[in-house]
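Trainee: Could you take me through the empty spaces of this model, with a close look at the place where the ligand sits? I would also be glad to hear about a few of the charged pairs afterwards.

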Amino acid sequence: MSEKVIIIGGGLAGMSAATALAQLGVSVTLLEKENQLGGHVKNWDRLFPTRRKSDEVLAYFSEHLGKNIDLHLRANIRSISRNGRFTVTLENEVEIKGDAVLIATGYELFDAFRKEEYGYDIYDQVITSAELEGMFRSGEKPLLDGQVPRRIGIVHCVGSRDEKVGNLYCSKVCCVTGVKQAIELREIFPETEIFNFYMDLRMFDRHFEEMYFEAQKEYGINFIRGRVSECAENQDNSIVVKVEDTLTGRPLKITVDLLVLLVGMVPRPETRRIADMLGLPMGDDKFLLPTDEHTKANQTPVEGVFLSGTVKGPGCIAGTVADGRAVAVEIKSFLDKKRTQD
Ligand code: SF4
């Protein structure tokens, strides 16, 4: 068989689809704009709920990618055209031909600076969950001027479920990330009080709820139900968090030394550019729309163009990997059918 699939995006969705297609005997060209594969997962330290190292998951896919994959790193797409087959032209003038295209460009993290009231990029003591994870990964402790923070706040739903920023959807995995990071912070700083400010906890997957109970019972994490309205700096550089406790109906002020913002997932502008080249529709949340969310979740209205992973909306790692495998089967069946028709 000589058909080739062009996969745009070398995160978990793209890697999972590439390994599955290779196992099905389909040639793959994998395009990744960064200088290494792995998407967001390569910046993460440990994964919930088991807290295994993210590198273990990436190592599995790197190992199974095989030698038959034509990999292009630092691949920036200039144009995509179709004349029978698809032609993807890169910025470096390289042209790649394929019989199907898979868009697996994933998401980017919400820019916390847009929630100015939380003080990100204004106060050094306000960081994102991704930055905290980077510290965990490098073994750096989140100290403040060498001091252990006495209190740490974790704010849920930053950039998600928020009409003000235009994102009404839930990013699905930030609740469990917040619980995981609260536990990890408590392990690093056993004397530090930790407060998670949440609207409601969405611990949807296997063993997530157990993690939440563990966080409360074994680690003594405080969960405060309420939306944070504002943060301000005290003279001693601590941060006052104003929040309305929606369980008691009372406004609260809690002072913390470090504030972690659980930033949600947003669509990549680059995906929109690629989608426009191919004439793909997007939803009102600006993520790409499959043909049918239940029965054709990996297909698009454009024949030969497929979607996989968080390019369609927020999702977890296990779901993304499964979706990569699912789309591989869809693509294989499309190519088989096309061959019999040609
Ligand atoms: S997963 Fe939790 S923190 Fe993330 S958007 Fe949904 S409710 Fe908010």
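Mentor: Happy to; we begin with the ligand, go on to the other spaces, and end with the salt bridges. Please keep in mind that this is a predicted model.

The space that the ligand takes is the largest cavity, and its volume comes to about 80 Å³. Around the ligand you will find His 156, Cys 157, Ser 160, Arg 161, Cys 170, Ser 171, Lys 172, Val 173, Cys 174, Cys 175, Asp 200 and Arg 202. Sorted by class, this shell has five nonpolar, three polar and four charged residues. At least two residues of the shell come from E12, and at least two from H4.

Now look at the cavity itself. Its lining consists of His 156, Cys 157, Ser 160, Arg 161, Cys 170, Ser 171, Lys 172, Cys 174, Cys 175, Asp 200, Arg 202 and Leu 262. Val 173 is named in the shell around the ligand, while Leu 262 is named in the lining of the cavity. The elements giving two or more residues to this lining are E12 and H4. By class, the lining has five nonpolar, three polar and four charged residues.

A search of the whole structure turns up two cavities of 30 Å³ or more. The second largest has a volume of about 30 Å³. Tyr 118, Val 155, His 156, Phe 197, Tyr 198, Met 199, Gly 226, Arg 227 and Val 228 line this second cavity. Here E12 and strand E13 (193-198) each supply at least two residues. The classes in this lining are six nonpolar, two polar and one charged. His 156 is worth finding on your screen, as it is listed in the lining of the largest cavity and also in that of the second largest.

The largest pocket holds about 720 Å³ of space. It is lined by 47 residues, and those closest to its centre are Gly 39, His 40, Gly 106, Tyr 107 and Thr 310. Among the elements that give two or more residues to the lining are helix H1 (12-23), helix H3 (129-138) and H4. H6 gives the most, with three residues. The lining divides into 23 nonpolar, 18 polar and six charged residues.

That leaves the charged pairs, and the structure holds 28 salt bridges. Glu 117 is a good place to start. One partner is Lys 115, with the closest N and O atoms 2.9 Å apart; another is Lys 164, where the closest N and O atoms are 3.9 Å apart. The pair of Lys 164 and Glu 117 links distant parts of the chain, 47 residues apart: Lys 164 is in the loop between strand E12 (151-158) and helix H4 (174-188), and Glu 117 is in the loop between strand E10 (107-109) and strand E11 (126-128). Lys 115 counts as buried because its relative accessibility is 5%. Glu 117, at 23%, counts as partly exposed, and Lys 164, at 70%, as exposed.

Within helix H7 (residues 317-341), Asp 336 and Arg 339 are three residues apart, so about one helical turn separates them. These two form a salt bridge, their closest N and O atoms being 2.9 Å apart. Asp 336 is partly exposed at 26%, and Arg 339 is partly exposed at 39%. Both belong to a network of salt bridges that also links Glu 3 and Lys 332.

Technical notes. Residues are numbered from 1 along each chain as its sequence is written. This is a predicted model: local features need pLDDT of at least 70, side-chain atom pairs count only at pLDDT 80 or more; totals for chains, interfaces and linings use all residues. Side-chain values use heavy atoms; hydrogens and water are left out. A salt bridge is a side-chain nitrogen of Lys or Arg within 4 Å of a carboxyl oxygen of Asp or Glu. Buried means under 20% relative accessible area, exposed over 50%, partly exposed in between (1.4 Å probe, protein chains only). Helices (H or I, at least four residues) and strands (E, at least two) are DSSP runs, numbered from the N terminus. A residue is near a molecule or strand if one of its heavy atoms lies within 4 Å of it. On a 1 Å grid over the protein atoms alone, a cavity is a set of points where a 1.4 Å probe fits but cannot get out, and a pocket is an open set with protein on both sides within 12 Å along at least five of seven lines; lining residues have an atom within 4 Å of a point. A molecule sits in a cavity or pocket if more than half of its atoms lie within 2 Å of its grid points. Ala, Val, Leu, Ile, Met, Phe, Trp, Tyr, Cys and Pro count as nonpolar, Asp, Glu, Lys and Arg as charged, and the others, Gly among them, as polar. Grid points are joined across faces, edges and corners, and a volume is the space filled by probe spheres set on the points.
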